[in-house]
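Biologist: Please take me through this structure slowly, saying for each term what earns it.

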There are 2 protein chains.
Amino acid sequence: MTQKYPSVLLENAVNEFSKLPGIGRKTALRLVLHMLKREQTEVSIFGKAIVDLRMNVRYCKHCHNICDDELCNICGDPRRDNSLVCVVENLKEVMAIENTGQFRGLYHVLGGIISPMDGIGPSDLQIDSLVQRAANGSMQECILALRTTMEGDTTNFYIYRKLAGIDLKISVIARGISLGDEIEYADEITLGRSIVNRRSFQDSFKV
Amino acid sequence: MTQKYPSVLLENAVNEFSKLPGIGRKTALRLVLHMLKREQTEVSIFGKAIVDLRMNVRYCKHCHNICDDELCNICGDPRRDNSLVCVVENLKEVMAIENTGQFRGLYHVLGGIISPMDGIGPSDLQIDSLVQRAANGSMQECILALRTTMEGDTTNFYIYRKLAGIDLKISVIARGISLGDEIEYADEITLGRSIVNRRSFQDSFKV
């Protein structure tokens with residue numbers, strides 16, 4: 001049933017909120033009514049923050065992560081190991097890996113993965129710039145850290161082929177049983193790999 | 001764990017989104033990244049719609065519903081029955097009741113209900129204006145359609161006392177077993193009321 005909103009301004013605001021992913025018209029209305037209860041200046045700040053980001057966003061010229069300058073904090077940090085480059089889908093994976101505190105190298109943000117269903121091909125992603133980086137720079141190892149789906153595997157394989165002529169170690173992040181997983185319920189591929197790629201008990205304490 | 005965002009602009013946008021009710025920092029980041037994939041003009045339109053609403057919102061001088069003019073569409077419609085006024089909490093209830101197509105009277109939007117826990121007292125709501133409307137206008141019946149909670153009952157009773165001196169029928173919407181409810185699982189108060197307030201079988205087909 002179509003809702004009849006009592007105000008065009010209200011309807012516009014609800015329409016805009018409901019264009020966001022995962023937000024339906026009921027939630028959009030709830031958010032809009034919440035906005036009406038806040039101070040005018042607060043709502044201005046909200047609008048400005050979103051528009052400012054979109055207008056002034058910059059991407060690091062090395063790793064293509066979102067940043068405020070030419071180079072991101074990570075690429076600009078001389079203490080990071082520039083021989084190691086971890087290839088990820090986007091910003092969220094950079095943040096997740098940074099949170100582990102286990103990686104001291106640099107990143108390369110593809111901006112997505114190859115997905116013909118969504119119309120995303122290799123030319124839409126930062127793959128050529130990765131190849132250039134690998135050919136010209138100090139990169140010695142390229143770690144592929146994409147999602148473990150068919151699209152992720154396809155992208156991994158495409159990148160592997162593209163980097164084939166370059167003298168470089170190419171690795172992928174370990175796949176295995178997660179912390180807290182029950183062996184009984186693990187899928188066969190993951191469980192099989194975790195047995196094939198087993199580590200010596202003593203090594204397993206090293207990080 | 002605190003997240004380190006690679007850009008101040010990004011962090012501001014995430015902060016603003018995560019101030020909305022029901023939106024945490026992970027969802028906020030997802031919404032912000034979605035905004036970055038959209039065209040600049042689309043994002044401007046989004047920001048403008050929200051700010052425009054907050055800056056230019058108007059409330060109907062009769063019923064206090066959100067509208068674009070002095071009077072809302074409902075109060076301005078001469079075909080509506082102005083002897084019947086339905087008291088509701090806010091816009092969402094107006095829309096829900098309008099969607100039933102069963103009510104041809106007018107509304108009075110309180111803007112909330114009495115809730116000492118949230119610091120909302122009678123003076124924060126449009127109760128005085130309801131009393132004035134009842135005393136001066138053509139209102140013959142006032143239908144209380146607030147939520148069936150302690151706060152709703154308190155507000156109902158407060159309004160009932162305020163309207164006591166005025167020659168007016170005061171009614172509340174029927175409480176009973178909802179469509180599809182199982183009798184077995186209904187609470188005793190609702191079930192008790194549904195028996196006390198039973199209707200003749202033939203009447204029950206009338207709307």
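Biologist: What covers the buried residues of helix 4 of chain B?

Modeller: In this predicted model, the cover includes helix 1 (8-18) and helix 2 (25-37) of chain A, together with strand 2 (66-67), strand 3 (81-88) and strand 4 (105-109) of chain B. Helices (H or I, at least four residues) and strands (E, at least two) are DSSP runs, numbered from the N terminus, and contact means heavy atoms within 4.5 Å. Local features need pLDDT of at least 70, side-chain atom pairs count only at pLDDT 80 or more, and totals for chains, interfaces and linings use all residues; side-chain values use heavy atoms, without hydrogens and water. Residues are numbered from 1 along each chain as its sequence is written, with chains lettered from A and ligands numbered from 1 in the order written.

Biologist: Which are the buried residues of helix 4 of chain B, and how do you know that they share a side?

Modeller: They are Leu91(B), Val94(B) and Met95(B). Because they cover an arc of only 95° around the axis, they lie on the same side of helix 4 of chain B, the arc being that of the directions from the helix axis to the C-beta atoms.

Biologist: Why is Thr155(B), in helix 6 (residues 150-162) of chain B, called buried?

Modeller: Buried means under 20% relative accessible area, exposed over 50%, partly exposed in between (1.4 Å probe, protein chains only); Thr155(B) has 0%, so Thr155(B) is buried. Not counting residues up to four places away in sequence, Thr155(B) touches Leu110(B), Ile113(B), Ile114(B) and Leu146(B).
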